[in-house]
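Here is a short tour of the fold you have open, written for someone who thinks at the bench. We start with a few working terms and then walk from the whole chain down to single residues.

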Amino acid sequence: MKPFLEGHEDPITVLVAREMEAISDADIVGWAGRHAAPPIYADDSDYLQLVRCNPRNALALGKAHDHLKLLVARRFPDFNDASAEAREIARKVFLRRLRTYLHSDIEPLQICRMVSPVEEKYDYPHWLGSLYDACDWMDERTTREQATHLRDEIEQILSDNGESLLPGAIE
């Protein structure tokens, strides 16, 4: 399966994606391995820790989120995770993640995990649609076949946001 993060994303986008649970710590490490860092942070110690992280080492993997937060705080000090900029990044990541659900084999819970962090951080944004209701009874055992209503809600959200349903429609 194609990774959600392709490597061209900047650390701020990756951090926003992780904070809203659109990605995991393993995804952060995978991104760092594919990312060609510009000089502004290519030699940053936390970035280098991400690049060197062994994803099979649970202890090192557990530190990935913290390394990313420290990298962003140090190299992008003006970034505010509650800003309009962060909200727009979150919206784009969210819609991109929804599109990937339609065209991949990720489980429903991976989509539903984003609901609470997005609601809390961005004060129930309209672009979340009725995903909360669609995810109400989901758990780790819920299969895609049991969640056809989730697909319908995702298609509605994408349509309401003027987004393509095609997987390659990125930002």
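## Terms and ground rules

Contact here means heavy atoms within 4.5 Å. Helices (H or I, at least four residues) and strands (E, at least two) are DSSP runs, numbered from the N terminus.

Please keep in mind that this is a predicted model, in which local features need pLDDT of at least 70 and side-chain atom pairs count only at pLDDT 80 or more, while totals for chains, interfaces and linings use all residues. Residues are numbered from 1 along each chain as its sequence is written, and side-chain values use heavy atoms, with hydrogens and water left out.

## The chain as a whole

The secondary structure comes to 10 helices and 0 strands, so the chain reads α-α-α-α-α-α-α-α-α-α from the N terminus on. Its radius of gyration is 16 Å, close to the 16 Å that the globule rule gives for 171 residues, so the chain is as compact as a globular protein of that length. For reference, this radius is taken over C-alpha atoms, and the rule is 2.2 Å times the number of residues to the power 0.38. Along the principal axes, the C-alpha atoms fill a box of roughly 45 × 35 × 30 Å.

Among contacts with a separation of 6 or more, 68% join residues 24 or more positions apart. The accessible surface comes to about 9,100 Å², and carbon and sulfur atoms hold 49% of that surface; areas come from the Shrake-Rupley method with a 1.4 Å probe, and for residues only the protein chains shown count as cover. The chain carries 20 positive and 31 negative side chains, and the centres of the two sets lie 6 Å apart. In that count Lys and Arg are positive and Asp and Glu negative, with His and the chain ends not counted, and each charge is placed at NZ of Lys, CZ of Arg, CG of Asp or CD of Glu.

## The nonpolar core

Buried residues make up 44% of the 171 residues, where buried means under 20% relative accessible area, exposed over 50%, and partly exposed in between (1.4 Å probe, protein chains only). In soluble globular proteins, nonpolar side chains tend to be buried together. A nonpolar core is a set of buried Ala, Val, Leu, Ile, Met, Phe, Trp, Tyr and Cys residues joined through side-chain atoms within 4.5 Å.

The largest such core here has 52 residues, and those with the most contacts inside it are Met20, Leu68, Phe94, Leu98, Ile111, Leu131 and Leu150. Helix H6 (residues 84-102) gives the largest share of this core, 9 residues. Leu131 touches Phe94, Leu98, Ile111, Val115, Leu150, Glu153 and Ile157, not counting residues up to four places away in sequence.

## Helix H8 and the turn after it

Which residues of helix H8 (residues 115-122) are buried? They are Val115, Pro117, Val118, Glu119 and Tyr122. These buried residues pack against helix H1 (11-19), H6, helix H7 (108-112) and helix H9 (131-134).

H8 is followed by Asp123, whose phi is positive, near 55°. Tyr124, in the loop between H8 and H9, also has a positive phi, about 55°, although it is not a glycine. Tyr124 counts as exposed, at 56% relative accessibility.

## Helix H1 and its surroundings

Ala17 lies in helix H1 and counts as buried, at 0% relative accessibility. Leaving aside neighbours within four places in sequence, Ala17 is in contact with Ala22, Ile23 and Val93. The C-alpha atoms of Ala17 and Phe94 are separated by 8.0 Å, with their positions 77 residues apart along the chain.Arg18 is also in helix H1, and counts as buried at 18% relative accessibility. With the same neighbours within four places left aside, Arg18 is in contact with Ile23, Ser24, Asp25, Ile28 and His65. His65 lies in helix H5 (residues 64-75) and is buried, with a relative accessible area of 15%. His65 and Leu15 are 50 residues apart in sequence and 7.8 Å apart in space, C-alpha to C-alpha.

Glu21 sits in the loop between H1 and helix H2 (25-34). Glu21 has a positive phi of about 60° although it is not a glycine, and counts as partly exposed at 37% relative accessibility.

## Toward the C terminus

Ser164 lies in the segment after helix H10 (148-160). Ser164 is partly exposed, with a relative accessible area of 30%. The C-alpha atoms of Ser164 and Val72, 92 residues apart along the chain, are separated by 31 Å.
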